[in-house]
Amino acid sequence: MTPVLGVRGVGMAYGGGVRALDDVSLTIEEGELLAIVGPSGSGKSTLLHIMGTLDRPTSGTVEIGGEDVMSLSDRELSALRGRQLGFVFQQFHLTDGLSAWENVATGLLYAGVARRSRKPRALEALARVGLDHRSGHLPHQLSGGERQRVAIARALVHEPMLVLADEPTGALDTANGTAVLDLLSTLNDDGTTIAVITHDRDIASRLPRTVELRDGRIVSDTRAEAQAGAVSGSGDEARPLADTRKAGKAPA
Ligand code: ADP
């Protein structure tokens, strides 16, 4: 099966000799839910921007759905983003004057969806995040947790190949943060492929796969074993993959 995303040997150098990423390789398969975790300055945002085709790396390649995106023009890249990727940000980024469903419908603007289909599609996406009863509310009439659910509906509405969530619980209290993580898990159970960028190890440990960045390099890549039989917190459920992947061999 073609991976949803392939990042191969990616490096990112900024002016002043900063190497934000160094030889990073990462493959995301359809149906995965993973965390990319690391302390501040480890390169998470840089990697997110490269995975989301918002920035081009200084070395290496990026493939989305098997297509090498390095040779695409900026215009082609924005079309690819509009159709294949969904973004969720820490600060929601909803438009103030638009209702919940209108905000969600903005996720369809660049996806080639006919105007008359936009409202029903937006309402359907709001129902998936449990907010169909708030479709006419403006952002300021919603709680933080509800706003983030609207933003998640907007990221999903065009059925992207991959959703990239940048610290999606970072602006929420614990209860709302947990609810948002549970929602991402449910959406993943329904088939959505999701990568969550976070500095929070507790969040990362709750997801089925954790990729850890440090100083611009991947230092570990672990997957939880199948749910049945896994003993939470024992440490036995995690299986390190970093060595096999770094060496370019197929994981066992
Ligand atoms: P994180 O998201 O994990 O906090 P970043 O990807 O933002 O990490 O940053 C990784 C490194 O790259 C840091 O040393 C940071 O200072 C540097 N960096 C990030 N963006 C820029 C930029 N636009 N110009 C120069 N250095 C940058």
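1. The shell around the ligand, counted as residues with a heavy atom within 4 Å of it, consists of Tyr14, Val18, Ala20, Pro39, Ser40, Gly41, Ser42, Gly43, Lys44, Ser45 and Thr46. This is a predicted model, in which local features need pLDDT of at least 70 and side-chain atom pairs count only at pLDDT 80 or more, while totals for chains, interfaces and linings use all residues. Residues are numbered from 1 along each chain as its sequence is written, and side-chain values use heavy atoms, with hydrogens and water left out.

2. Polar contacts, meaning pairs of N or O atoms within 3.5 Å, link oxygen atoms of the ligand to the backbone of Gly41 at 2.7 Å and to that of Gly43 at 3.1 Å, whereas Thr46 takes part through a polar side-chain atom at 2.6 Å. Taken alone the ligand exposes 560 Å² (Shrake-Rupley method, 1.4 Å probe), of which the protein buries 59%.

3. Strand S2 (18-28) and helix H1 (44-51) are the elements that give two or more residues to this shell, and H1 supplies the largest share, with three residues; helices (H or I, at least four residues) and strands (E, at least two) are DSSP runs, numbered from the N terminus.

4. In helix H4 (residues 115-128), the buried residues (under 20% relative accessible area, 1.4 Å probe, protein chains only) are Arg118, Ala122, Ala125 and Leu126. Seen down the axis of H4, they fall within an arc of 100° (directions from the helix axis to the C-beta atoms), so they line one face of the helix. These buried residues pack against helix H3 (100-105) and helix H5 (144-156).

Terms used: Expected span 1.5 Å × (residues − 1). Buried < 20%, exposed > 50% of the residue type's maximum accessible area, 1.4 Å probe, protein only. Contact = heavy atoms within 4.5 Å. Polar contact = N/O pair within 3.5 Å; in protein donor to acceptor, adjacent residues only side chain to side chain.
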